[in-house]
Amino acid sequence: MPCESPMAVSDSLTKIISKSTVFPATQSTLPDLKLSASDLPMLSCHYIQKGNLFLRPPIVISDLLFLLREGLSRVLTHFPPLAGRLITDANGYVYITCNDAGVQFLHANATHISVTDIVSPLHVPDSVKGFFAFDRMVSHDGHFNPLLAVQVTELHDGVFIGFSVNHAVVDGTSLWNFINTFAEVCRGVKLITKQPCFTRESVLISPAVLKVPADGLKVTFDEFAPLCERVFSFTRESILKLKDRTNNRKKINSYGEINAAEVMGKQSNDPIKLSDDKVTALIGNWIRNAVVTKAEPVPEISSFQSLCALLWRGVTRARKFPDSKTTTFRMAVNCRHRLEPKLETLYFGNAIQSIPTYASAGDVLSHDLRWCAEQLNKNVLSHDDTMVRRSVYNWEQDPRCFPLGNFDGAMLTMGSSPRFPMFDNDFGWGKPVAVRSGRANKFDGKISAFPGREGGGSVDLEVVLSPETMAELELDPEFMQYVSVQCC
């Protein structure tokens, strides 16, 4: 099915009813917070735009808006940086000043759109982009704009709460902790369960200065290129099946055992037959070698790495590259637990680095799924304290913004995480029915991973591709056999 034209359903059909500024309920005592070597590269990225779709609450809209506005004021006392602004000092260092300048709160109307209109189409409708404020705003603009906007959009039979947050101030871990806490406060929780940590004492706090051009910063990709967006859903059962396939490719398992049945099965289907005596001798040799060499335990490939490898292969096929073309799969990794000493789990700010894995199109498609997953697995496992520090050091030699985009047509960039608690946001009338994102930071090859609504290890992949590549991917039998029929 072809993607809709970008103008088929205009986000302008969302009407802004009101805008206001919400201030923290109590005055902040936090000092200015210096942006880190993980924060500063995000200054040229769009504000993050993520939100939740809910069924209609059992209260009138005026009461709902009051509940959310009051809850927002209270939760900002626990997250004072979000109510601040960016400042740059005389030496070029950028800080968040926790000056209680406030956040933007918007009420919008799109009652011609139903919940089904959002979740049922095969491709994400363009109308979703109207559910977020600060469209195409880059994070450097936080010097003279709020660092957070919350837009509450009335729908025909539901409501969408969209968050637009400065990417130089938060990563996904920090953002979803804020949203979860916001929901807690709205439910009347007096003592929040996950207090953020605002310490700025780690290797990420760098003496390097990022030089900003006189005309400011811009995103590094084409914001107006035609794109197609779809949420592919994978059930727990489908992902377990995929993981089993990825982890059972080798005849010798992690304990040095041989699957003789598999060997015999392959032999029975082999057009070049060996005699029974030769097969027995072959298995005997394998057994002796396994005992003598006592092979190293084979690392288990995770469900998520299996899924990434499946997508890497599918998109590479869809893009129809020559075998020699180098492809790149980038994964954003959380560095909080990789550093020594470790950062607090709820460290507030960016603590992520991007890990690229390279392979030729020929290698990606000629090897099996496990080989692709192993390339990703090796890079993720090796990204330890030493590698995190090396990445910081390398950035300090040439401070620059993160080059986000698909520069050679052969890149995939995975962001977000199925581990983020995106469906834990109960503001008092039930959990959300879907997660959606806005226009921010999207280009051909941008992927975002969400937990599936049913939980239990299910995963949704929000995939953004050129329309031509998407059409090919949707016909790919290896990829599509694992996709749930229900796409949202």
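**Group meeting: a walk through a predicted model**

Okay, let's start with contacts: if you take pairs of residues at least 6 apart in sequence, 82% of those contacts in the protein join residues at least 24 apart. And keep in mind that this is a predicted model. For the overall inventory, we have twelve helices and 15 strands. The protein has 488 residues, and 54% of them are buried.

Let's look at a sheet next. Strands in a sheet pair through backbone hydrogen bonds, and they can do that parallel or antiparallel. The one I want to show you is an open sheet with six strands, and its pairing is mixed. Reading across, the order goes β1-β6-β7-β8-β3-β13. At the edges sit β1, residues 15–22, and β13, residues 434–437, and each of these pairs on one side only. Going from neighbour to neighbour, the strands are turned by 20° on average, if you ignore direction.

Zoom in on one pair, β7 and β8. Here β7 covers residues 148–155 and β8 covers 158–165; they run antiparallel, with seven bridges joining them. If you want one bridge to find on the screen, go to V152, whose partner in β8 is I161.

Something also packs on this sheet: helix α1, residues 61–75. That helix touches β1, β6, β7 and β8, and its direction makes about 160° with that of β6, which is residues 103–110.

Now over to a helix pair. You describe two packed helices by the angle between their axes and the distance between those axes. So, what are the angle and distance for α7 and α9? They pack at about 120°, and their axes are 8 Å apart. An angle between 115 and 145 degrees falls in the oblique class, so α7 and α9 are oblique to each other. The crossing of these two is right-handed.

Who meets whom there? On the α7 side, residues 303–319, the contact includes L310, W312 and R313. On the α9 side, residues 369–382, you'll find L369, L376 and V380 among the residues involved. By class, that contact of α7 with α9 has nine nonpolar residues, four polar and one charged.

Last stop, still in α7: T316. Is T316 buried or exposed? With a relative accessibility of 5%, T316 is under the 20% cut-off, so T316 counts as buried. And which residues does T316 touch, leaving out those up to four places away in sequence? They are F321, T327, A361, V364 and L365.

That's my tour, thanks!

How values were computed
Residues numbered from 1 in each chain as written. Predicted model: local features only at pLDDT ≥ 70, side-chain atom pairs only at ≥ 80, totals over all residues. Heavy atoms only, no water. Axes fitted to C-alpha atoms, helices over the stretch in contact; angles between N-to-C directions. Helix = DSSP H or I, 4+ residues; strand = E, 2+ residues; numbered from the N terminus. Parallel < 35°, antiparallel > 145°, perpendicular 65-115°, else oblique. Left-handed = near helix turned anticlockwise from the far one by under 90°. Contact = heavy atoms within 4.5 Å. Nonpolar A, V, L, I, M, F, W, Y, C, P; charged D, E, K, R; others polar. Pairing = 2+ DSSP bridges. Buried < 20%, exposed > 50% of the residue type's maximum accessible area, 1.4 Å probe, protein only.
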